[in-house]
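Dear colleague,

I am passing on the structure we spoke about, and I would be glad if you could look through it alongside the notes underneath.

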Amino acid sequence: MEFMDAVHEQLVERAKLSAVLSHLESAAADDANLVEVMVAWIRRRLLRIDALISPSFLEISSRSAKVSFEEPRTGPETEGRGYPSYLPIKLELWSMDHEKGLARAVTALEWAVEAGLAPDFDKETADRSD
């Protein structure tokens, strides 16, 4: 359930940000300039959440945390066995190397740079920011 809770938290945050973005985008043209930076930040944050809860990132995060989605067996031969516990569950952002078939966890800044969402940073700067 911890894994589902982590996904749910992201969905709740996404709904809140979407509501604020919708409100800000419907502002009059004169007022839109006042919140331009906030709107850009919200859009980047929504893209980050979409990446965190994308099927491919969820699958890698669950394997990385060794989360089991199997129902516990019941019966005398499985007495005392239940769900394995792998706390804390954390959704990760991943850098995918499709040629090598590898993925590595990255920071939010590294992910944003790779996704082209942080034009003021380059990959080397993002790597040093850890």
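The notes below go through the core, the strands and then a few single residues.

Please keep in mind throughout that this is a predicted model, and that the values I quote were computed from it.

The largest nonpolar core has 26 residues, and those with the most contacts inside it are F3, V7, I42, F57, L91, L93 and W111. Two or more residues of this core come from each of the helices α1 (2-25), α3 (36-52), α4 (55-64) and α5 (108-114), as well as from the strand β1 (93-97). As general background, nonpolar side chains in soluble globular proteins tend to be buried together. To see what surrounds one of the core residues, you could start from L93, which, once its neighbours within four places in sequence are set aside, is in contact with R48, A51, L52, F57, R104, A105, V106, T107, A108 and W111.

Turning to the strands, β1 pairs with β2 (residues 102-106) in the antiparallel sense, over 5 bridges, and W94 has A105 in β2 as its bridge partner. The two strands form a hairpin with 4 residues between them, and in that turn G101 has a positive phi of about 70 degrees.

Three single residues may also be worth a look on your screen.

In helix α3 you will find V39, which counts as buried because its relative accessible area is 9%, under the 20% cut-off. Apart from neighbours within four places in sequence, V39 is in contact with L21 and L24, while its C-alpha atom is separated by 9.5 Å from that of S22, a residue 17 residues apart from it along the chain.

In the loop between α3 and α4 sits S54, which is buried too, with a relative accessible area of 18%. A polar atom of the S54 side chain lies 2.9 Å from the backbone oxygen of A51.

Which residues does A112 contact, leaving aside its neighbours within four places in sequence? They are L117 and A118. A112 itself belongs to helix α5 and is buried, with a relative accessible area of 13%. Between the C-alpha atoms of A112 and R44 the separation is 8.1 Å, although the two residues are 68 residues apart along the chain.

With best wishes

Note on methods
Residues are numbered from 1 along each chain as its sequence is written. This is a predicted model: local features need pLDDT of at least 70, side-chain atom pairs count only at pLDDT 80 or more; totals for chains, interfaces and linings use all residues. Side-chain values use heavy atoms; hydrogens and water are left out. A nonpolar core is a set of buried Ala, Val, Leu, Ile, Met, Phe, Trp, Tyr and Cys residues joined through side-chain atoms within 4.5 Å. Buried means under 20% relative accessible area, exposed over 50%, partly exposed in between (1.4 Å probe, protein chains only). Contact means heavy atoms within 4.5 Å. Two strands pair if DSSP finds at least two bridges between them. A polar contact is a pair of N or O atoms within 3.5 Å; within protein, one must be able to donate a hydrogen and the other to accept it, and residues adjacent in sequence count only if both atoms are side-chain atoms.
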